[in-house]
Amino acid sequence: MDELVNKRINEVMKGNQEAFGEIVTLFQQRLYQVCYRMLGNSQEAEDIAQEAFVRAYVNIHTYDQKRKFSTWLYRIATNLCIDRIRKKKPDYFLDATVPGTDGLNMYSQIAATGDLPEEEVERMETQDRVQYEISRLPDKYRTVIILRYMEELPLQEISDILELPLGTVKTRVHRGREALRKQMGNM
C-alpha cells in the first residue's frame, strides 16, 4: 500500500489533484476514527479529519517519502485534535441531564441499532465507561492510550506520530494504563 500511496503522492506533486482523492479514500475512515476517539464528537471528528487532509494536501511537498504516509497524516490529525481539545474544555458529560427532558441523560441520546441481548448491553456499558474514563485522562496519556489500544499502532509509529522518544511513549502508555486502572476502580 505504501508504494501505491507514494505513486499517488508523486502524481499530486506533478499537479494531478484527483490522485489525492484516492489517498483520501484510502485513509478517510481510519483517520476519522482516530479523531472521533480523541474528540468524542462526530461533527468535530469530521471537521478535524477534513482539515487534516487539507493540510496534508497543501503541505504535501514537505512529506518525506522515506517515511510512512499514514504516520505523517496521523501526526497532522493528532496535533489538530490536541489543539481542539485544548481550546475547548468538556462542556457536557454522558450522565448530565438533557435540558427540556424529564430527567433523561446523554446516555439516552446514543443511537440504538436494534434489540440487543443483555450481554451486548453490558459490553456497551463497559465500553462507554472505558471511553468516558479515557476522555478524563490528561491529554498526554489519552493520546497514547487511544493510538496504542484503540488504533492498535505499534509504539514506534506512535513515537513518530507524536514526535517523542520511544522511551517517553512507553512511559506514557504505562502511566496512562495505571491512571485508567485507578479511575476504573472496582470494575
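In this predicted model, Cys81 has a relative accessible area of 0%, so this residue is buried. Cys35 tells a matching story: its relative accessibility is 0%, and it therefore counts as buried. The count of disulfides comes to zero. Cys35 is in no disulfide, and the nearest cysteine sulfur, which belongs to Cys81, is 3.8 Å away. Looking from the other side, Cys81 is in no disulfide either, with the sulfur of Cys35 as its nearest cysteine sulfur at 3.8 Å. A disulfide would need the two sulfur atoms within 2.5 Å.

Next comes helix α4, which runs over residues 69-87. With 19 residues at 1.5 Å a residue, α4 should span 27 Å, and its end C-alpha atoms are indeed 27 Å apart, so the expected and computed values agree. Most of α4 is covered, with 14 of its 19 residues buried.

Phe69 belongs to α4 and turns up again and again in what follows. Along with Leu31, Phe69 has the most contacts inside the largest nonpolar core, a set of 47 residues. That core draws at least two residues from each of α1 (2-13), α2, α3 (42-58), α4, α6 (139-150), α7 (155-162) and α8 (166-184). Once residues up to four places away in sequence are set aside, Phe69 touches Val5, Ile9, Ile23, Phe27, Ile60 and Tyr63.

Aromatic rings are part of this picture too. The model has six aromatic pairs. In one of them, the ring centres of Phe27 and Phe69 are 5.5 Å apart and the planes meet at 55°, so the pair counts as tilted. This pair ties together distant parts of the chain: Phe27 sits in helix α2 (residues 17-39) and Phe69 in helix α4, 42 residues apart. Both Phe27 and Phe69 are buried. Phe69 also pairs with Trp72; here the centres are 5.7 Å apart and the planes are at 50°, so this pair is tilted as well. Because Phe69 and Trp72 are three residues apart in helix α4, about one helical turn separates them. Trp72 is buried, as is Phe69. Put together, ring pairs join Phe27, Tyr63, Phe69 and Trp72 into a cluster.

Polar residues in the loops round off the tour. Glu151 is found in the loop between α6 and α7, and its relative accessibility of 7% is under the 20% cut-off, so Glu151 counts as buried. Its side chain makes a polar contact of 2.5 Å with the side chain of Arg37. Apart from neighbours within four places in sequence, Glu151 is in contact with Arg30, Gln33, Val34, Arg37 and Ile146.

Another loop, the one between α2 and α3, holds Asn41. The relative accessible area of Asn41 is 17%, again under 20%, so this residue is buried too. A polar atom of the Asn41 side chain lies 2.9 Å from the backbone nitrogen of Gln43. The backbone nitrogen of Glu44 is likewise 3.0 Å from a polar atom of the Asn41 side chain.

Note on methods: Residues numbered from 1 in each chain as written. Predicted model: local features only at pLDDT ≥ 70, side-chain atom pairs only at ≥ 80, totals over all residues. Heavy atoms only, no water. Phe/Tyr/Trp six-rings, centres within 6.5 Å; stacked < 30°, edge-to-face > 60°. Helix = DSSP H or I, 4+ residues; strand = E, 2+ residues; numbered from the N terminus. Buried < 20%, exposed > 50% of the residue type's maximum accessible area, 1.4 Å probe, protein only. Core = buried A, V, L, I, M, F, W, Y, C linked by side-chain atoms within 4.5 Å. Contact = heavy atoms within 4.5 Å. Expected span 1.5 Å × (residues − 1). Polar contact = N/O pair within 3.5 Å; in protein donor to acceptor, adjacent residues only side chain to side chain.
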